[in-house]
2 protein chains.
Amino acid sequence: MSSVVAVVGATGAVGREMLRTLERRNFPARRVVALASERSVGKKLPFAGKELTVELLEPKAFQGVEIALFSAGASVSREYAPIAAQAGAVVIDNSSCWRMDPEVPLVVPECNPEAARVRPKGIIANPNCSTIQMVVALKPLHAAARVKHIVVSTYQATSGKGHAAVEELRAQIAEIAAGKQPTVKVFPGQMAMNLMSDWKPGQHGYSEEELKMVNETRKILCDPEIGVTPTCVRVPVVTSHSETVHVQFHRPMKASEAIELLRGAPGVVLVQGEYAPGKEPQPLLAADTDPVYVGRVRDDLAVPGAINLWVVADNLRKGAALNAVQIAEIL
Amino acid sequence: MSSVVAVVGATGAVGREMLRTLERRNFPARRVVALASERSVGKKLPFAGKELTVELLEPKAFQGVEIALFSAGASVSREYAPIAAQAGAVVIDNSSCWRMDPEVPLVVPECNPEAARVRPKGIIANPNCSTIQMVVALKPLHAAARVKHIVVSTYQATSGKGHAAVEELRAQIAEIAAGKQPTVKVFPGQMAMNLMSDWKPGQHGYSEEELKMVNETRKILCDPEIGVTPTCVRVPVVTSHSETVHVQFHRPMKASEAIELLRGAPGVVLVQGEYAPGKEPQPLLAADTDPVYVGRVRDDLAVPGAINLWVVADNLRKGAALNAVQIAEIL
């Protein structure tokens with residue numbers, strides 16, 4: 001059965017990726033509506049060999065819409081998601097606004113597809129990019145041995161901060177190549193050739209991004225006792241987030257067992273073999289592809305029964321647009 | 001008392017930094033001899049307002065040398081360090097060749113200066129860059145509460161791989177800015193806008209670099225029971241390594257206590273305050289400076305009594321040349 005689908009925030013980095021994903025996966029849409037704020041109205045966006053004209057995001061825009069994919073930031077979601085749901089659409093929201101609402105399921109189809117069925121507010125939340133790729137890798141291991149404690153360090157791409165951030169990184173690289181001083185506007189400092197923690201402050205010295213990894217992981221894996229130790233770092237990469245993940249379990253796990261569990265796990269591509277320089281998953285190789293790449297699966301040297309992983313995925317695809325469209329597909 | 005100092009591998013990235021460090025710290029050298037392999041003989045290197053002419057590395061070059069700073073790779077050190085020691089020099093070796101030899105002390109002056117006194121082979125080893133900055137940060141904490149387990153993820157600069165690697169990164173950035181395909185020779189793939197694990201394979205799925213962090217940390221902190229979980233990653237940064245460090249202790253430690261211990265600790269600059277985007281230590285800010293910058297000191301969210309750190313230092317200075325010269329200074 002085909003649906004009428006609205007993409008809210010269609011001109012943003014994730015919104016554009018949502019349109020590409022709907023097209024690439026031949027999503028059964030009778031009609032696709034591109035919505036955005038006033039300054040983008042009238043813009044043309046390519047879709048399925050034709051063009052969509054961006055329409056104004058306003059309450060009446062949701063008349064007849066069955067699925068509304070939101071990616072326009074938390075404040076837009078807070079205002080318009082209930083309006084879209086009221087109009088009869090199922091909202092799949094990519095912002096952080098509704099994720100921890102107990103009446104809103106937080107869904108990664110490889111992990112908890114059943115949660116999408118119960119949505120009292122008509123809203124399903126799409127998790128944070130850095131969380132999605134980690135839980136896809138952890139799910140088969142958690143099912144087998146129950147995750148107890150994760151220490152995760154991220155290497156996050158600039159596209160997670162939007163179009164303007166990517167443009168600034170590219171501009172800074174051109175400036176450096178030309179021997180000029182890089183111009184800084186979007187980031188709090190020079191991002192090219194540098195590292196940064198540029199998220200909003202959360203609590204207890206953690207960034208909001210880090211606290212999302214703690215809370216969302218527990219909600220998606222349905223286990224409030226999982227301990228998560230997160231450090232989020234931005235790296236001068238355009239696309240794909242990477243993560244080192246140290247995992248301790250309630251029941252000891254060997255790397256050899258983890259490899260068997262990850263081989264063929266939903267959404268996962270296992271990149272295994274002995275350590276070889278440059279043969280592990282890399283952001284450049286993961287960019288513009290769908291899977292979550294898991295490599296460097298190895299027994300921990302200090303904690304018996306713990307393992308270490310290196311997890312890489314395209315943050316705009318599995319980390320955002322693809323996961324949202326996959327949720328729409330299971331509805 | 002002033003000495004005759006030889007720098008072996010004087011034309012390399014670390015060798016040049018050693019000359020700059022000797023000059024900057026007004027090291028009491030009666031004479032400085034720059035040694036290198038045949039193809040560099042006759043090159044001129046700036047030193048203290050004059051020029052040093054590179055001389056041939058051969059056994060007789062060590063006649064009269066009192067301190068020999070080696071940074072020409074493990075095979076040169078294996079051959080020439082005993083020759084230099086035999087000729088009466090104290091060798092301070094920056095390669096991995098002698099580090100785990102039980103008759104060779106492995107010294108970070110802020111951690112174990114006393115170890116430099118006992119050197120049966122006449123050789124003192126300078127630890128690996130990624131280890132040095134971590135143990136400088138850990139030492140005051142270890143003294144207070146004994147470190148039990150560390151999970152460390154590195155973000156390592158390209159200069160750790162030498163001149164040619166930095167030149168390749170810069171060339172790739174210029175190629176990307178010009179819309180060309182980046183040329184790959186030194187790295188096993190494109191390094192610009194990417195991440196990589198490009199070290200030699202070690203054992204059990206770990207790289208040699210990672211195993212160095214395990215073994216050297218235990219030797220420097222004189223505690224063979226410290227558990228180390230390392231993941232080493234190369235990032236497209238020119239100078240300064242960065243590390244996320246999760247630390248568990250035998251006696252629980254609060255972040256507030258760690259902050260007091262780190263404030264004013266030898267070699268450490270504490271960058272504290274609430275989390276603020278872009279205000280944490282960064283490789284670009286640490287480059288061309290001496291300290292080990294420690295920031296983001298926070299209580300762990302999952303393990304009571306554990307803390308998390310973000311540690312950044314110039315890998316050519318404290319990570320290599322500065323530490324070697326500091327060892328020479330305590331002799």
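A salt bridge here is a side-chain nitrogen of Lys or Arg within 4 Å of a carboxyl oxygen of Asp or Glu. The exercises below apply to a predicted model.

**Exercise 1. Decide which side chains of A:Arg24 and A:Asp290 atoms to compare, and place the pair within the domains of chain A.**

Solution. The atoms to compare are N and O, and for A:Arg24 and A:Asp290 they lie 3.3 Å apart, so the pair satisfies the limit of 4 Å. The domain assignment of chain A gives domain 1 as 3–127 + 320–330 and domain 2 as 131–314, and by those bounds A:Arg24 belongs to domain 1 whereas A:Asp290 belongs to domain 2. Across the interface of these two domains the rule finds 3 salt bridges.

**Exercise 2. Describe how domain 1 and domain 2 of chain A meet.**

Solution. Begin with the separation: the C-alpha centres of the two domains of chain A lie 25 Å apart. Next take the contact, in which 21 residues of domain 1 face 15 residues of domain 2. The area buried between them is about 1,500 Å², and carbon and sulfur atoms give 65% of this area. On the side of domain 1, the residues that lose the most area to domain 2 are A:Met100, A:Glu110 and A:Cys111, which together account for 34% of what that side buries.

**Exercise 3. Find what A:Glu329 and A:Arg25 connect.**

Solution. The side chains of A:Glu329 and A:Arg25 form a salt bridge with an N to O distance of 2.8 Å. Because A:Glu329 lies in helix H8 (residues 317–330) of chain A, while A:Arg25 sits in the loop between helix H1 (13–24) and strand S2 (29–36), the pair ties together parts that are 304 residues apart in sequence. Over all chains, the count by this rule comes to 42 salt bridges.

**Exercise 4. Characterise the interface of chain B and chain A, and then the helix pair H4(A) and H4(B).**

Solution. The contact draws 61 residues from chain B and 62 residues from chain A, with a buried area of about 4,900 Å², of which carbon and sulfur atoms give 64%. B:Met193, B:Tyr275 and B:Leu301 supply 16% of the area that chain B buries against chain A, more than any other three residues. The rule finds 4 salt bridges across this interface; A:Glu210 forms a salt bridge with B:Arg298, in which the closest N and O atoms are 3.9 Å apart.

Turning to the helices, H4 (residues 163–177) of chain A packs against H4 (residues 163–177) of chain B at an angle of about 115 degrees, with the axes 9 Å apart, and their crossing is left-handed. A:Ile173, A:Ala174, A:Ile176 and A:Ala177 meet B:Arg170, B:Ile173, B:Ala174 and B:Ala177. By class, this contact has 7 nonpolar, no polar and 1 charged residues.

How values were computed
Residues numbered from 1 in each chain as written. Chains lettered and ligands numbered in written order. Predicted model: local features only at pLDDT ≥ 70, side-chain atom pairs only at ≥ 80, totals over all residues. Heavy atoms only, no water. Axes fitted to C-alpha atoms, helices over the stretch in contact; angles between N-to-C directions. Helix = DSSP H or I, 4+ residues; strand = E, 2+ residues; numbered from the N terminus. Left-handed = near helix turned anticlockwise from the far one by under 90°. Contact = heavy atoms within 4.5 Å. Nonpolar A, V, L, I, M, F, W, Y, C, P; charged D, E, K, R; others polar. Domains from an automatic or database assignment. Buried area = accessible area lost by both parts, 1.4 Å probe.
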